[in-house]
Structures are given as structure tokens and as C-alpha cells.
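Work through these exercises with the structure in view. Try each task before reading its solution.

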Amino acid sequence: MLFTILHINQEGFSKYFILFLMALTFTNIIITIRRLLSAKPSITLGADYVISTKNKGYDASQIECVYMNYKRIGIKLRGRRLVPSDLCFYFDSSQEREGLEDLYEWAARNQKDVKNKFFQTLT
């Protein structure tokens, strides 16, 4: 539709405004397709370590506790007041039950508390 309007209206400000809208729309479409095709970030709970969404490894001794706020889960590091954003995640609704069981099992195995508490993230 914008392309048709561009051919009809070839003068001044309107031309550049329509070109801007076309570029903005095209960029939005590309970003949407890229997000759909890219892999979703995940957190890996190992025997005594955690791998974050940014592929950083954290030993269990670096972790103070696990916070849960409704469906949002955050892993708090020792000596930090805020939870890093790469250690904050959700479970898909289809995997929530199994994920929570695994999380509680991991926390018990590594003697970490799981607290139902509001937490802030550090970006």
C-alpha cells in the first residue's frame, strides 16, 4: 500500500515520509522473522553448576538461593543484591511441572533455598 502511495505522490516531504515508513515496516518484518527463527535462550542446571542464557558458567558455591515470583524464577549470586538478568527465566507452560521438579531437586542436592519472594533483576 505504501509503495502504491509512493508512486502516486512523488513530491517533497510526503515522498520522504512514505520512504521512511516503508523502511521502518521492512525493518520490523525482518526483526520479527529473525526472532521467530532464532533459538530461545535457556538455562542449564548441571550437577553442581548453572549455565546462564549468556553461556556463563556459575558454580553452585557462587549461588546463594533461588527466588520465585509467580512464574518468574531467578538465581541469586552470593554477595549480590540483585539477580542478573541472564539468570532470570520462565518455564514454558507445557514444561512447568517437570521444570519445577528438576529445580527443586537441584536446589536440594546443592543445599540452596528456594524462596517465594519478589526480586529485582540487574540488566
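Helices and strands here are DSSP runs, with at least four residues for a helix and at least two for a strand, numbered from the N terminus. Keep in mind that the model is predicted.

**Exercise 1. The order of elements**

Task: State how many helices and strands the protein has, and in which order the elements run.

Solution.
- Step 1: Count by type. There are three helices and nine strands.
- Step 2: Read from the N terminus on. The elements run α-α-β-β-β-β-β-β-β-α-β-β.
- Step 3: Add the burial figure. Of the 123 residues, 27% count as buried.

**Exercise 2. The sheet of three strands**

Task: Work out the strand order of the three-stranded sheet and name its edge strands.

Solution.
- Step 1: Write the order. It is β1-β2-β3, in an open sheet with antiparallel pairing.
- Step 2: Find the edges. β1 (44-45) and β3 (57-59) each pair on one side only.
- Step 3: Look at one pairing. Two bridges join β1 to β2 (residues 49-51), and these strands run antiparallel.
- Step 4: Pick a residue. Leu45 has Val50 in β2 as its bridge partner.

A reminder on what holds such pairings: strands of a sheet pair through backbone hydrogen bonds, either parallel or antiparallel.

**Exercise 3. The sheet of four strands**

Task: Explain why β7 and β8 each have one side without a neighbour in the sheet.

Solution.
- Step 1: Write the order. This open sheet runs β7-β5-β4-β8, with mixed pairing.
- Step 2: Look at the ends. β7 (88-89) and β8 stand at the edges with a single partner strand each, so one side of each has no neighbour in the sheet.
- Step 3: Check the pairing of β8. Four bridges join β4 to β8, and the two run parallel.
- Step 4: Pick a residue. Cys65 stands opposite Asp113 in β8.

**Exercise 4. The cysteines**

Task: Decide whether Cys65 and Cys88 are buried or exposed, then give the number of disulfides.

Solution.
- Step 1: Take the cut-off. Buried means under 20% relative accessible area.
- Step 2: Apply it to Cys65. Its relative accessible area is 1%, so Cys65 is buried.
- Step 3: Apply it to Cys88. At 17% relative accessibility, Cys88 counts as buried.
- Step 4: Search for disulfides. The whole structure has zero.

**Exercise 5. Aromatic pairs**

Task: Find the aromatic pairs and describe the geometry of each.

Solution.
- Step 1: Count. There are two aromatic pairs.
- Step 2: Take Tyr67 and Phe119. This pair is stacked, at 5.9 Å centre to centre with 20° between the planes.
- Step 3: Place the two residues. Tyr67 lies in β4 (residues 63-69) and Phe119 in the loop between β8 (113-116) and β9 (121-122), so the pair ties together parts 52 residues apart in sequence.
- Step 4: Check burial. Tyr67 and Phe119 are buried.
- Step 5: Take Phe89 and Phe91. This pair is edge-to-face, at 5.5 Å centre to centre with 80° between the planes.
- Step 6: Check burial again. Phe89 is buried at 11% relative accessible area, whereas Phe91 is partly exposed at 24%.

**Exercise 6. A surface patch**

Task: Name the residues of the nonpolar surface patch and place Leu37.

Solution.
- Step 1: List the members. Ile29, Ile33, Leu36 and Leu37 form the patch, with about 450 Å² of accessible area together.
- Step 2: Locate Leu37. Helix α2 (residues 12-37) holds Leu37.
- Step 3: Classify Leu37. Its relative accessibility is 72%, so Leu37 counts as exposed.

Notes: Residues numbered from 1 in each chain as written. Predicted model: local features only at pLDDT ≥ 70, side-chain atom pairs only at ≥ 80, totals over all residues. Heavy atoms only, no water. Patch = residues over 30% accessible without salt bridge, like charges linked within 9 Å, V, L, I, M, F, W, Y side chains within 5 Å. Areas by Shrake-Rupley, 256 points an atom, 1.4 Å probe, with all protein chains shown as cover. Salt bridge = Lys/Arg side-chain N within 4 Å of Asp/Glu carboxyl O. Buried < 20%, exposed > 50% of the residue type's maximum accessible area, 1.4 Å probe, protein only. Pairing = 2+ DSSP bridges. Disulfide = S-S within 2.5 Å. Phe/Tyr/Trp six-rings, centres within 6.5 Å; stacked < 30°, edge-to-face > 60°.
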